[in-house]
Amino acid sequence: MKKASLISVARCYPSIADLKLMDTYFKKNGWIVSKKIKLANIVIVYTCACSKLIENKSIELINHVQKEKNRNAQLIVSGCLPSINKTR
């Protein structure tokens, strides 16, 4: 069975709502949602860029996930970082 891992730096209401929607979507489509990055086929990192400190934490989390995930797993970066600071 396919597994997805949803990880977030953000704790704002939009991120909570988006993550809940993603969780529901995966579960309704037969996926297992797990916190175990190494077992996931897809890892979604929900980022935040409301301050430089949080933006840096988002980047650190992305780098951590890239090292820890299964080499065949897809990494998807979502949240506000990709739209606010595309160069990072």
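How many nonpolar, polar and charged residues are in the lining of the largest pocket? By class, that lining holds 5 nonpolar, 2 polar and 3 charged residues. Please keep in mind that this is a predicted model.

**The pocket**

The largest pocket encloses about 160 Å³ of space. Its lining is made up of Leu6, Ile7, Ser8, Ala10, Arg11, Ser15, Ile16, Leu19, Lys20 and Asp23. Two elements, β1 and α1, each give two or more residues to this lining. Helix α1 provides the largest share, with 5 residues.

**The sheet**

Let's turn to the strands. An open sheet is formed by 4 strands in the order β2-β1-β3-β4, and the pairing is parallel. At the edges sit β2 (32–33) and β4 (74–79), each of which pairs on one side only. Between β3 (residues 42–47) and β4 there are 6 bridges in the parallel sense. Within this part of the sheet, isoleucine 42 has glutamine 74 in β4 as its bridge partner.

**The helices**

Two helices can be set side by side by what they touch or cross and by their angle to β3.

| Helix | Residues | Strands | Angle to β3 |
|---|---|---|---|
| α1 | 13–28 | lies across β1, β2, β3 and β4 | about 165° |
| α2 | 52–68 | touches β1, β3 and β4 | about 170° |

Helix α2 packs on the sheet, while α1 lies across β1 (3–8) as well as β2, β3 and β4. For your pocket work, then, β1 and α1 are the elements to look at together: both give two or more residues to the lining, and α1 also lies across β1.

Methods. Residues numbered from 1 in each chain as written. Predicted model: local features only at pLDDT ≥ 70, side-chain atom pairs only at ≥ 80, totals over all residues. Heavy atoms only, no water. Pairing = 2+ DSSP bridges. Contact = heavy atoms within 4.5 Å. Axes fitted to C-alpha atoms, helices over the stretch in contact; angles between N-to-C directions. 1 Å grid on protein atoms, 1.4 Å probe; cavity = no way out; pocket = protein on both sides within 12 Å on 5 of 7 lines; lining within 4 Å. Points joined across faces, edges and corners; volume = space filled by probe spheres on them. Nonpolar A, V, L, I, M, F, W, Y, C, P; charged D, E, K, R; others polar.
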